[in-house]
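Here's a walk through one protein model, from its overall make-up down to a few single residues. Have the viewer open as you read.

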Amino acid sequence: PIAADALRWRGEQAAGPQLDAIIRHAKNLVLLAALAGEITGLNLRDMRKRDRSVSDTIDATSAALDRLLASQDAGDAFGLADALVDHLAPAMSGWRVVFDTIAAEVRHAA
């Protein structure tokens with residue numbers, strides 16, 4: 001919410017570093033899940049086909065990042081703030097499901 005408030009009231013310049021960090025962390029989370037899956041012999045694409053909640057999380061994250069970047073390209077600070085709070089934050093919280101699915105599949109294989 002702090003980055004969203006900065007965007008709404010002070011514009012993208014004020015929240016730029018925070019916004020960059022948020023996007024970088026979101027991308028790192030996806031990469032971490034892909035690596036965790038790979039290390040454990042799982043593939044996110046295969047998991048996505050088998051588990052609707054994994055698919056929904058990946059789709060929501062992709063859509064949220066697309067919305068965020070479109071608002072950024074348009075110079076729409078309020079759109080950026082809304083994308084952060086209404087789309088990216090909920091999508092990121094869904095990644096717990098992905099990691100739980102990886103853990104469950106590893107436990108099942110053991």
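Which residues of H4 are buried? They are Val54, Ser55, Thr57, Ile58, Thr61, Ala64, Leu65, Leu68 and Ser71, where buried means under 20% relative accessible area, exposed means over 50%, and partly exposed lies in between (1.4 Å probe, protein chains only).

## Ground rules

This is a predicted model, so keep in mind that local features need pLDDT of at least 70 and side-chain atom pairs count only at pLDDT 80 or more, while totals for chains, interfaces and linings use all residues. Residues are numbered from 1 along each chain as its sequence is written, and side-chain values use heavy atoms, with hydrogens and water left out.

## The overall picture

The protein has six helices and zero strands, so reading from the N terminus you get α-α-α-α-α-α. Helices here are DSSP runs (H or I, at least four residues), strands are E runs of at least two, and both are numbered from the N terminus.

Of the 110 residues in the protein, 35% are buried. About 6700 Å² is exposed, with carbon and sulfur atoms supplying 56% of that; the areas come from the Shrake-Rupley method with a 1.4 Å probe, and for residues only the protein chains shown count as cover. Take the contacts (heavy atoms within 4.5 Å) with a separation of 6 or more: 72% of them join residues 24 or more positions apart.

## Two nonpolar cores

A nonpolar core is a set of buried Ala, Val, Leu, Ile, Met, Phe, Trp, Tyr and Cys residues joined through side-chain atoms within 4.5 Å. The largest one has eleven residues: Leu19, Ile23, Ala26, Ala64, Leu65, Leu68, Leu80, Ala83, Leu84, Leu88 and Ala91. Helix H2 (12–39), H4 and H5 each put in at least two residues, and H5 gives the most, with five.

There's also a second, separate core of nine residues, including Leu42, Leu44, Val98 and Ile102.

## Helix H4 and its residues

H4 (residues 52–74) has 23 residues and reaches 32 Å from its first C-alpha to its last, close to the 33 Å expected at 1.5 Å a residue. That expected span is 1.5 Å times one less than the number of residues. After H4 comes glycine 75, with a positive phi near 70°.

Just ahead of H4, aspartate 51 is in the loop that follows helix H3 (44–50). At 23% relative accessibility, aspartate 51 counts as partly exposed. Its side chain makes a polar contact with the side chain of serine 53 (2.5 Å). A polar contact is a pair of N or O atoms within 3.5 Å; within protein, one must be able to donate a hydrogen and the other to accept it, and residues adjacent in sequence count only if both atoms are side-chain atoms. Aspartate 51 and valine 98 are 47 residues apart in sequence, with C-alpha atoms 9.3 Å apart.

Valine 54, in H4, is buried because its relative accessibility is 0%. Setting aside residues up to four places away in sequence, valine 54 touches Met47, Arg48, Val97, Val98 and Thr101. Further along H4, threonine 61 is buried too, at 3% relative accessibility. The side chain of threonine 61 makes a polar contact with the side chain of tryptophan 95 at 2.7 Å. Beyond neighbours within four places in sequence, threonine 61 is in contact with Val30, Ala91, Met92 and Trp95.

Aspartate 66 is also in H4 but is partly exposed, with a relative accessible area of 49%. Serine 71 counts as buried at 10%, and its contacts outside the four-place window are Asp76, Gly79 and Leu80.

## Helix H5 and its kink

Why does the length of H5 (residues 77–93) agree with expectation? Its 17 residues should span 24 Å at 1.5 Å a residue, and the end C-alpha atoms are 23 Å apart. H5 does have a kink of about 40°, centred on leucine 84; the bend at a residue is the angle between axes fitted to the seven residues ending there and the seven starting there.

At the start of H5, a side-chain oxygen of aspartate 76 comes to within 3.3 Å of the backbone nitrogen of phenylalanine 78. The buried residues in H5 include Ala77, Gly79, Leu80, Ala81, Ala83, Leu84, Leu88 and Ala91.
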